[in-house]
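Trainee: Please take me through this model one question at a time, with the reasoning behind each answer.

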Amino acid sequence: MNFFPWLTIIVVLPISAGSLIFLFPHRGNKVIRWYTICICLMDLLLTTYAFCYHFELDDPLMQLTENYKWINYFYFYWRFGIDGLSIGPILLTGFITTLATLAAQPVTRESKLFHFLMLAMYSGQIGSFSSRDILLFFIMWEVELIPVYLLLSMWGGKKRLYSATKFILYTAGSSVFLLMGVLGIGLYGSNEPAFHFETSANQSYPLALEIIFYIGFLIAFAVKSPIIPLHTWLPDTHGEAHYSTCMLLAGILLKMGAYGLVRINMELLPHAHSIFSPGLMILGAIQIIYAASTSLGQRNLKKRIAYSSVSHMGFLIIGIGSISDTGLNGAILQIISHGFIGAALFFLAGTGYDRIRLLYLDEMGGMAIPLPKIFTVFSILSMASLALPGMSGFVAELIIFFGIITSQKYLLMTKILITFVTAIGMILTPIYSLSMLRQMFYGYTLFNTPNSYFFDSGPRELFISISILIPVIGIGIYPDFIFSLSVDKVEAILSNFL
C-alpha cells in the first residue's frame, strides 16, 4: 500500500500553483509563460515518476488509491485511484497541456488569466480521469467547463461569443443528465448515499432503471465525445478558438467523453450496455461516413479538421460497442492516438494562420514554397490522420476492425455490413486530408502576392511538432506499450459481459 498522496498532489498542483500567477507584480508575459510551462512540466514529471515506480502493470485493480472523508454531512469522499484505463489519458493530458502552453506564445492579452485557465483546465481533466467517486467525477467534469468557456469567449475568433455560448449550452445541458445519473446510482438501494465506484460496480439494478441510467449517461458523454446528432457545437468551437485551446479540446476534451463511456456505461451498467451496443455500432459507422463527407465540404480549415476528428471518434464508438477484447483495446489506443494527431493538426493549422492570416482553403495555395518546414510536418501528420501504416492511427483502426470481426455478440452478416461501411469511411478520409493539403500547399495563389515573404516555423514550433510526431510514430511501430497498460483492465471489464 502506498501512503503518499500522489494523485492529490498531481490534481491540486496545477490549479493551486496557477492561482499564484495573479500575485506576480509586473506585467511581463515571458515570466508568466515560463512559470506555467514549468508547472506543467513538474506535474508531468511527477505523474511519470508515480507511474514508473508505484504502479504494477499486471494488476487490473485500482492502485495509488486515496480515500479521505471530505464533507461528513452527506458522505462526500475525496477518492482517487488509477488503473490501466486511466493511465494513458492522464499522461496524454500532461503531455498535450505542456505543449499547448508552449504553443500559446502569441497570446499577449490578459496573459495571467489565460495561463491560469490553462492550468485550471489541466487540474479538472486529470481529476476526472483519476477520480474513484462518481460525485467527485461529476465535480471535476464541471470544473473543466468554465475555463473552456472563458478561453473561447475571450481569445477566440470573430464569432467567438456565439460559439462559446453554444458550447456552454450543449455541455452544461448534458451535465444535467450526468448529474441525474450520478445521483440515481449513488442513492439507489441503500439508506445512505454510496458514490464509490467499487460499490456501484457490484450493485445490480432492475433492467428498466439501468436503461434509464444508461440513457442519461449516454447523452452526457455523447455531447462531450461528439456522437451525432449532438456534435454540432464542435466545429463552431474549433473554428473560433485559439489554437492552443483547440489542442486541448481535440486532444483531451473529446477523450473525456469516450473515457466516461467505458468507465461508467460499460463498467457500472453492463446489462444496458449489451442492449445498446448494436445501436452504438450503427451510430459509429454512420458517424464515420457522415463526418468524413461533411468535412469535404468545409471551406474553413479548422472546421475541416474538426469534422475529421468527429469522424475518427466514430471508430472509437464502434470499438466500445463491439464488446470484444480487441475492439476495446483498439478504442483505448484510438483515444491516445487521436489525442496526439488531432492536437498536432490544430497546432499546425494555427501556425499557418499566424503566418498568412487566412482560414479559408479556397484563398490559400502555394504555401509549400515559402514554408517548407510547416509543409513537411503538416503532410506527415495528415498521413498519420488518414491511417498510414507505421503511424498510430493505422494500428488503432486496424485493431478496431479486428474487434468487429472477432466479436462474439453479432451475427456474421452484421459484422460484414459494419466492416464494409467503416471501410468506406477509411476511403473518404484520404480524400479530405489530401484535398486539404492540395488546397493549402500547392498552386500559385499566395506566390503571386507582393510581400510574399513569410518566416518559416521557428525552433519552438518545430519542437512542438516533433514532440507530437515522435509518439505517433512510436505507437505505430510498437503499440504494445499502450496495450500492456490496458489489457488486464479490459479483460476485467469484459468479464461482466460473459
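Trainee: Which residues does Arg-33 touch, not counting residues up to four places away in sequence?
Mentor: This is a predicted model, in which local features need pLDDT of at least 70 and side-chain atom pairs count only at pLDDT 80 or more, while totals for chains, interfaces and linings use all residues. Residues are numbered from 1 along each chain as its sequence is written, and side-chain values use heavy atoms, with hydrogens and water left out. Arg-33 is found in helix H2 (residues 29-54); helices (H or I, at least four residues) and strands (E, at least two) are DSSP runs, numbered from the N terminus. With contact meaning heavy atoms within 4.5 Å, the residues that Arg-33 touches are Thr-101, Gln-105 and His-115.

Trainee: Is Arg-33 buried or exposed?
Mentor: Buried means under 20% relative accessible area, exposed over 50%, and partly exposed in between (1.4 Å probe, protein chains only). The relative accessible area of Arg-33 is 10%, so this residue is buried.

Trainee: Which residues of the largest nonpolar core touch the most other members?
Mentor: A nonpolar core is a set of buried Ala, Val, Leu, Ile, Met, Phe, Trp, Tyr and Cys residues joined through side-chain atoms within 4.5 Å. The largest one holds 152 residues, and its largest share, 17 residues, comes from helix H11 (residues 243-268). A second, separate core has 10 residues, among them Met-281 and Phe-315. In the largest core, the members touching the most others are Met-247, Leu-269, Met-440 and Phe-441.

Trainee: At what angle do the axes of H3 and H14 cross?
Mentor: Axes are lines fitted to C-alpha atoms, for helices over the stretch in contact, and angles run from 0 to 180 degrees between N-to-C directions. Helix H3 (residues 84-103) and H14 have axes that come within 10 Å of each other. H3 is roughly parallel to H14, because angles under 35 degrees count as roughly parallel, over 145 as roughly antiparallel, 65 to 115 as roughly perpendicular and the rest as oblique. The crossing angle is roughly 5°.

Trainee: How many nonpolar residues does the contact of H3 with H14 have?
Mentor: The H3 side includes Leu-85, Leu-92 and Phe-95, and the H14 side includes Ile-332, Phe-340 and Phe-347. By class, Ala, Val, Leu, Ile, Met, Phe, Trp, Tyr, Cys and Pro count as nonpolar, Asp, Glu, Lys and Arg as charged, and the others, Gly among them, as polar. The contact has no charged residues and 2 polar ones, and its nonpolar residues number 12.

Trainee: Which residues is Ser-337 in contact with, leaving aside its neighbours within four places in sequence?
Mentor: Ser-337 is found in helix H14 (residues 325-356). Its relative accessible area is 1%, so Ser-337 is buried. Beyond its neighbours within four places in sequence, Ser-337 is in contact with Ser-392 and Gly-393.

Trainee: How many Å apart in space are Leu-381 and Ile-341, C-alpha to C-alpha?
Mentor: Leu-381 is found in helix H15 (residues 372-385) and is buried, at a relative accessible area of 0%. Ile-341 is one of its contacts outside the neighbours within four places in sequence; Ala-344, Leu-345, Leu-348 and Leu-469 are also on that list. The two residues lie 40 residues apart in sequence, while their C-alpha to C-alpha separation is 6.7 Å.

Trainee: Which residue is joined to Pro-229 by a cis peptide bond?
Mentor: Pro-229 is found in the loop between H9 and H10. The bond has an omega of about 5°, and the partner of Pro-229 is Ile-228.

Trainee: What is the phi of Ala-387?
Mentor: Ala-387 has its place in the loop between H15 and helix H16 (392-406). With a relative accessible area of 9%, Ala-387 is buried. Although Ala-387 is not a glycine, its phi is positive, at about 60°.

Trainee: Is Tyr-478 buried or exposed?
Mentor: Tyr-478 is found in the loop between helix H18 (459-477) and helix H19 (480-494). Since its relative accessible area is 52%, Tyr-478 is exposed.

Trainee: What percentage of the span of residues 131-417 is helix?
Mentor: In an unreviewed entry, UniProt lists residues 131-417 as "domain: NADH:quinone oxidoreductase/Mrp antiporter transmembrane". UniProt positions are given in the numbering used here, feature names are shortened, and annotations may be inferred rather than shown by experiment. The end C-alpha atoms of this span lie 38 Å apart. The strand content is 0%, and the helix content is 77%.
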